[in-house]
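Biologist: Could you walk me through this model at the bench-side level? I would like to see how its parts fit together.

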Amino acid sequence: MSIVTKTGDKGETGLYNGERVKKSDPRMEALGDIDELSSQLGFLQAPEIQKLQRDLFELGALVGNPDGAGNMTAALAALEKEVEILEPTLPPLHNFILPGGHPAAARLHLARAVCRRAERHLSILTPLPADALPYLNRLSDYLFLLGRQANLKNGVPEILWSATMIP
């Protein structure tokens, strides 16, 4: 089977249920964000990152099938446990920080920003798989924490933002 189907040549694509939609459809925007997020994470080869990519693939499959059943409840619970474990290992945060630092941290912060965009695009869709929005919300928190951890592990100080930075 060829990857080339030509069915999308006129600006439409198919959902899992067979419905044809414009490639600019809000559901497709959200699916594109989820795909972009997984691709951003692909720069960071680690088992915990690949687990997130598998979760995102599942989320994409669920979002792409508005008639289907399924949820992100188990993935959300697992992610919440990871946040509970990771957060206490980092220095307390009393300021906003600027994204960046070590290349791995910068990639994680970029992935977090894409995750927030996916969350915004997903928030306007109905129906949604159960716990899809909380999953993305928690994932952005987790990616933020992983970015902080990457800087800490690599000895790169976080750049704190303060109002004095505004000219």
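**A loop residue, a core and a helix pair**

Modeller: Happy to! This is a predicted model, and we can start with L125, which sits in the loop that links helix 4 and helix 5.

Biologist: Is L125 buried or exposed?

Modeller: Residues under 20% relative accessible area are classed as buried. L125 has a relative accessibility of 8%, so the class for this residue is buried.

Biologist: Which residues does L125 touch, leaving out those up to four places away in sequence?

Modeller: One partner is V63, which is 62 residues away along the chain, with 8.9 Å between the two C-alpha atoms. With sequence neighbours up to four places away set aside, the contacts of L125 are P26, R27, A30 and V63.

Biologist: Let's turn to the core. Which helix gives the most residues to the largest nonpolar core?

Modeller: That core has 36 residues, and Y135, L139 and L143 touch the most other members. Helices 1, 2, 3, 4 and 5 each supply at least two residues. With nine residues, the one that gives the most is helix 5.

Biologist: Y135 caught my eye. Which charged residue is among the residues that Y135 touches?

Modeller: Not counting residues up to four places away in sequence, Y135 touches L52, L56, L59, M72, A75, L76 and L79, as well as an aspartate. Asp counts as charged. The residue you want is D55.

Biologist: Is D55 buried or exposed?

Modeller: D55 belongs to helix 2. Beyond its neighbours within four places in sequence, D55 contacts M72, A75 and Y135. Its relative accessible area is 12%, under the 20% cut-off, so D55 is buried.

Biologist: And how is helix 3 oriented against helix 5: roughly parallel, roughly antiparallel, roughly perpendicular or oblique?

Modeller: The two helices pack at an angle of about 30°, and their axes are 10 Å apart. Angles under 35 degrees fall in one class, so helix 3 is to helix 5 roughly parallel.

Biologist: What handedness does the crossing have, and how many nonpolar residues are in the contact of helix 3 with helix 5?

Modeller: Helix 3 passes helix 5 in a left-handed crossing. Among the residues that meet are A75, L76 and L79 from helix 3 and Y135, L139 and Y142 from helix 5. The contact includes one polar and three charged residues, and its nonpolar count is eleven.

Note on methods. Residues numbered from 1 in each chain as written. Predicted model: local features only at pLDDT ≥ 70, side-chain atom pairs only at ≥ 80, totals over all residues. Heavy atoms only, no water. Core = buried A, V, L, I, M, F, W, Y, C linked by side-chain atoms within 4.5 Å. Buried < 20%, exposed > 50% of the residue type's maximum accessible area, 1.4 Å probe, protein only. Helix = DSSP H or I, 4+ residues; strand = E, 2+ residues; numbered from the N terminus. Contact = heavy atoms within 4.5 Å. Axes fitted to C-alpha atoms, helices over the stretch in contact; angles between N-to-C directions. Parallel < 35°, antiparallel > 145°, perpendicular 65-115°, else oblique. Left-handed = near helix turned anticlockwise from the far one by under 90°.
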